[in-house]
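Here's a quick walk through a few spots worth a look. Have the structure open as you read.

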Amino acid sequence: MKTVKPRYLENSLQVVFFMCAAISTITTVAVIGILAFETWGFLQHVSIVEFLFGTRWSPLLHPKSYGLLPLLAGTTLIVVGASLVALPIGLACAIYLSEYAGERARNVLKPVLEVLAGIPTVVYGFFALTFVTPILRTVLPQTDVFNAASAAIVVGIMVLPMVASLCDDAFRAVPDNLREGAYSLGATSFEVTTRVVVPAGLSGVFAAFVLAISRAIGETMAVTLAAGATPNLTLNPLESIQTMTAYIVQVSLGDTPAGTLTYQTLFAVAAVLFLVTLCLNIAANMIMKRFQEVYE
Amino acid sequence: MAAQSNLAWRHKKAAFFKNFCIGVTGFAVLILCLLIYQVSVLGLPWLDAQFLSSFPSRFPEKAGIKSALMGTLWLVSMTAAIAIPIGVLAAVYLEEYAKPTRLTEFININIANLAGVPSIVYGILGLAIFVRFFQLERSVLSGAMTMSLLILPVIIIASKESIRAVPGSLRQAAFAVGATRWQVIRAHVLPSALPGILTGVILAISRAIGETAPLIMIGALTYVAFVPEGPMDEFTALPIQIFNWTSRPQQEFHELASAGIVVLLLVLLMMNAVAVYIRYRGTRIK
């Protein structure tokens, strides 16, 4: 009788593969650990109430002040503006793609959307600064050179392909017999779309919207280039502002020694950014899972 | 009579809505064309051999992207060397080895969430761990490891989907003639999942080519007049050079930036085309 030799290679390979998969978990632990550690150090010097509710952000110039609200307001302006551009246009594109476009139009438009989605964000920043801003300043002469509106429009264009393709997926998952049922009752294409297809795909649409907002919050280069570096507590989109991400870039372009309070502000701001986007991403996943209509 | 005019109104509404959706989609395509037109008109006159083979300079007419191109090449090759094996093997583990335990589920959810973390947060991680803690300084190696963490979730998710699409009968047939698990994976699962994995890898690498924010975080330099000669050298990259030129006020530098953008977009478009081609061949063979 032959004895079976232990398979050392097989077993050790499995361990190696597991370690590769574990790297992602280690990454998450490292991100959370580092952000928590440095933010804790930061909160030893600045009270959490001042950080979260203070209305002046001036960590680089005297008198120093560490109120996050101006950066939050800047980020909010960008997110609202980008949503106004990306959500309606993305939704309309998705409706066209899934309900009206023929096979040939789809075969052209899908790659176009992929190309749009693959354009680096620094290119969008360039586009904002050299194309959108001059137009805005011609139409509304009181616009600052660096302004929230231009960056918001461009961030909207940037997340548009994602909204369009996620909504398109959601609508195409709606089975055709639902549409046919509505048509046979005499509904027009408009009624089929707005009362059958969109409601049936609503969970996907919401998830797409939440993911788009999360992307807009984390977007960095376009807002750094076009929205400016002035932490203003304003809701006027024509003024220069600063977002959380743009602040992080501004500090790291200079040479900030480790261990200083300015260095720690990077991590405190990044911690807020990380928490907000993480919550939104988890929410999007939950919406997608929990409210998805299941068809046979 | 009333019912009839109501019907006419409903059809009018439907026609209007259809045209509205077509118009909006056309508008989105128009914006893409505008962007490409704008960049080409500004940049093409500057795009010549001198631009590709010169170092950056204070004088626009002497400036070029040699160090940026070489930096991007170094960065991307090292990122690929680190991220592709780890990403594909992680996907192999999760699809072929892992039992459906709590831990596996947690790893999967975690990867999905990591894919949505803003790139600048990866930059902060790279700054704290690779640049400061491991003291790798502002080297290509720091940049490549940061980029690898950033694109790993993309590679893992694409590879997992592709491996899952391999039919189970293929595995069972191989097991039935006595192949070990690793032999099944190496000889059957990976080859038939290859087109999907390659497409995902190419898209992930294109993302690494275009990312700017994490490189600024770890301190890639904006003015570099040399080509990196080893993984520990300082470096710059194409998107950083574009950022630097764009943030200057002079028109000439904006034109240089658009020349750089043309080069960057050409590289990305080529990679996209290769990905589409592989996907097309992959679906045709099946």
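What follows goes from a helix pair to its loop, then to one residue in the other chain and the contact between the chains. Keep in mind that this is a predicted model.

Let's start in chain B with α5(B) and α6(B). Their axes come within 9 Å and cross at roughly 135°. An angle of over 145 degrees would count as roughly antiparallel, and α5(B) and α6(B) are therefore oblique to each other. As for handedness, α5(B) passes α6(B) in a right-handed crossing.

Which residues do the meeting? On the α5(B) side you'll find Ser119(B), Tyr122(B), Gly123(B), Leu125(B), Gly126(B), Phe130(B) and Val131(B), and they face Ser142(B), Met145(B), Thr146(B), Leu149(B) and Leu150(B) from α6(B). Sorted by class, the residues of this contact come out as 7 nonpolar and 5 polar, with no charged ones.

Now for the loop between these helices, which follows α5 (119–133) and leads to α6 (140–164) in chain B, and which holds Gln135(B). Glu137(B) sits in the loop between α5 and α6 too. Both residues have backbone angles to check. Most residues other than glycine have a negative phi. Gln135(B), though not a glycine, has a positive phi of about 55°, and Glu137(B) is also positive, with phi near 60°.

How buried or exposed are they? Gln135(B) is exposed, because just 9 other C-beta atoms lie within 10 Å and the cut-off for exposed is 12 or fewer. Glu137(B) has 15 such neighbours inside 10 Å, so it counts as partly exposed.

Here are those two next to a residue from chain A:

| Residue | C-beta neighbours within 10 Å | Class |
|---|---|---|
| Gln135(B) | 9 C-beta atoms | exposed |
| Glu137(B) | 15 C-beta atoms | partly exposed |
| Ala86(A) | 28 C-beta atoms | buried |

Ala86(A) belongs to helix α3 (residues 69–100) of chain A. With 28 neighbours against a cut-off of 20 or more, Ala86(A) counts as buried. What does Ala86(A) touch, leaving aside its neighbours within four places in sequence? Its contacts are Gly156(A), Val159(A), Leu160(A), Val163(A) and Ala212(A). Pro161(A) is 75 residues away from Ala86(A) along the chain, yet their C-alpha atoms are separated by 8.4 Å.

Finally, the two chains together. Their contact takes 68 residues from chain B and 67 residues from chain A. On the chain B side, helix α1 (residues 2–43) gives the largest share, 17 residues. By class, that side of chain B has 46 nonpolar, 17 polar and 5 charged residues.

Notes
Residues are numbered from 1 along each chain as its sequence is written. Chains are lettered from A and ligands numbered from 1 in the order in which they are written. This is a predicted model: local features need pLDDT of at least 70, side-chain atom pairs count only at pLDDT 80 or more; totals for chains, interfaces and linings use all residues. Helices (H or I, at least four residues) and strands (E, at least two) are DSSP runs, numbered from the N terminus. Two residues are in contact if their C-beta atoms, placed from the backbone, lie within 7 Å. Ala, Val, Leu, Ile, Met, Phe, Trp, Tyr, Cys and Pro count as nonpolar, Asp, Glu, Lys and Arg as charged, and the others, Gly among them, as polar. Axes are lines fitted to C-alpha atoms, for helices over the stretch in contact, and angles run from 0 to 180 degrees between N-to-C directions. Angles under 35 degrees count as roughly parallel, over 145 as roughly antiparallel, 65 to 115 as roughly perpendicular and the rest as oblique. A crossing is left-handed if the near helix is turned anticlockwise from the far one by less than a right angle, and right-handed if clockwise.
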